[in-house]
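Q: Please take a close look at the sheet in this model and at what surrounds it. A plain description of the strand order, the packing and any unusual backbone geometry would be enough.

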Amino acid sequence: MLSTNTVYRKHNSFVEIRQRGAPQHVGERIQRLQAHLGELELRPSAQALVRRACEELLGLSDPGEGHRPFTLLPFVAEEISRLSDAELPRYLWYRYRYDTFPERKIVDDSPPCLQVEPTSACNYRCVFCYQTDRDFTNRRNSYMGVMPLETFKRIVDQAEGACEAVTLASRGEPLLSPHLKEMLAYARGKFLALKLNTNASLLDEAMGHAILEAEVNTVVFSVDAAAEPAYSRLRVGGHLERVVRNIERFQDIRTKQYPRSRTMTRVSGVKVNGSSDMKEMVAVWGELVDQVAFVQYNPWENTYERPINEITTPCSDLWRRMFVWWDGTVNPCDVDYKSWLAVGNVADHTLRELWRSEAYERLRERHLSRERSQCSPCNRCTVV
């Protein structure tokens with residue numbers, strides 16, 4: 001376990017990541033884009049941001065005020081390598097906002113990343129997850145449910161053109177949603193950073209085709225170990241052999257039936273005591289996926305019971321991402337899995353209105369004013 005004041009840095013939370021092949025070099029593409037940016041049909045605000053992104057990447061401008069310049073990590077370069085030159089400006093517009101706005105405390109008109117929850121239910125009870133909170137999983141308390149397809153379509157319609165990064169996952173296992181195939185089909189081609197997180201336990205052949213046909217950009221398989229009993233000890237309710245078979249089948253379908261697919265796959269585990277090390281993970285998963293990664297452990301499983309800490313650094317998610325639960329509730333984070341900080345509902349307001357709502361802005365201001373200790377459950381959370 002972490003101490004109460006050990007921070008969890010949400011931006012680039014990878015402890016370690018390995019990917020097949022050498023990192024892609026995109027410098028020449030950035031130079032070409034920067035040279036011809038004035039010829040592109042971009043709205044002025046987007047063009048200005050893409051220009052700044054190119055200049056910082058090429059070392060032509062200083063972000064100033066002690067800020068870190070915009071850079072591309074190897075896994076981001078890999079994402080770019082799968083995009084066309086025509087798509088590159090859209091991607092940089094998203095990634096620049098996602099990486100730099102939280103540090104520079106810039107609030108755009110829409111969130112850089114939108115996390116949408118197809119369902120809050122899960123078939124696992126992982127030891128580091130809030131699904132172990134029986135108050136949360138008790139259906140009488142109204143936390144459990146499935147997002148209606150029409151609600152999802154309303155969210156996608158509003159997000160298209162305003163947000164490039166949409167992640168299908170949050171408090172539950174997305175593949176438990178009976179509407180997921182239809183959701184994927186509806187989102188197809190509308191976002192350059194469409195991501196799906198799954199424990200892969202329900203990843204059958206039909207779902208594999210649905211994911212690949214929808215051209216999901218990144219599929220993250222949540223796996224924390226390479227062998228038993230470590231896997232079952234962490235992923236309670238899971239069966240490693242089934243997960244291995246499902247991912248093997250997905251890789252076989254991707255390779256043989258979608259040879260031009262640009263879907264990137266990643267096995268990602270939470271680094272906790274008892275899990276495998278990277279060498280063991282790569283030995284098992286390295287030939288089945290494009291990337292193998294560990295992320296930091298974050299004590300989600302008991303947010304509301306943890307002691308109040310002394311962290312005053314503002315939470316970066318307030319400038320980076322917005323969460324939409326299955327029932328349309330909009331929340332600033334998923335550490336607050338019981339929605340104490342909810343800012344409204346997509347049934348009543350647009351995504352843009354909620355992102356810039358008075359409740360959201362007030363929470364950001366309190367974090368900036370070093371009043372995090374007066375916000376619950378922010379005062380028990382370690383995310384910065």
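A: The model is predicted. Its open sheet has 10 strands in the order 1-7-6-5-4-3-2-8-9-10, and the pairing is mixed. The edges are formed by strand 1 (14-19) and strand 10 (344-345); each has a single partner strand, so one side of each is left without a neighbour in the sheet.

Within that order, strand 3 (residues 165-168) pairs with strand 4 (residues 193-198) in the parallel sense, over 4 bridges. Leu 168 stands opposite Leu 196 in strand 4.

Leu 168 also links the sheet to the packing. The largest nonpolar core has 119 residues, and Leu 168 is one of those that touch the most other members, along with Leu 114, Leu 184, Ile 211, Phe 221, Ile 247 and Trp 285. Helix 4 (residues 88-104) supplies the largest share of this core, with 8 residues. Two more of the well-connected members can be tied to Leu 168 through Leu 184: leaving aside neighbours within four places in sequence, Leu 184 is in contact with Leu 168, Met 207, Ala 210, Ile 211, Ala 214 and Val 216.

The backbone has some less usual points in the connecting segments. As background, most residues other than glycine have a negative phi, and most peptide bonds are trans. The bond from Glu 228 to Pro 229 is cis, with omega near 5 degrees. Pro 229 lies in the loop that runs between strand 5 (218-222) and helix 9 (230-234). A cis peptide bond also joins Ser 376 to Pro 377, again with omega near 5 degrees, and Pro 377 belongs to the segment after helix 14 (358-368).

Positive phi values occur at two non-glycine positions discussed here. Glu 65 has a phi of about 50 degrees and sits in the loop between helix 2 (44-57) and helix 3 (74-81). Its relative accessible area is 76%, so Glu 65 counts as exposed. Ser 142 has a phi of about 70 degrees; its place is in the loop between helix 5 (134-137) and helix 6 (149-159).

Finally, the empty space. The structure holds 3 cavities of 30 Å³ or more. The second largest has a volume of about 110 Å³. Its lining comprises 14 residues, with Cys 315, Cys 333, Leu 341, Cys 378 and Cys 381 lying nearest its centre. By class, the lining of this second largest cavity has 11 nonpolar, 1 polar and 2 charged residues.

Terms used: Residues are numbered from 1 along each chain as its sequence is written. This is a predicted model: local features need pLDDT of at least 70, side-chain atom pairs count only at pLDDT 80 or more; totals for chains, interfaces and linings use all residues. Side-chain values use heavy atoms; hydrogens and water are left out. On a 1 Å grid over the protein atoms alone, a cavity is a set of points where a 1.4 Å probe fits but cannot get out, and a pocket is an open set with protein on both sides within 12 Å along at least five of seven lines; lining residues have an atom within 4 Å of a point. Grid points are joined across faces, edges and corners, and a volume is the space filled by probe spheres set on the points. Ala, Val, Leu, Ile, Met, Phe, Trp, Tyr, Cys and Pro count as nonpolar, Asp, Glu, Lys and Arg as charged, and the others, Gly among them, as polar. Two strands pair if DSSP finds at least two bridges between them. A nonpolar core is a set of buried Ala, Val, Leu, Ile, Met, Phe, Trp, Tyr and Cys residues joined through side-chain atoms within 4.5 Å. Buried means under 20% relative accessible area, exposed over 50%, partly exposed in between (1.4 Å probe, protein chains only). Contact means heavy atoms within 4.5 Å.
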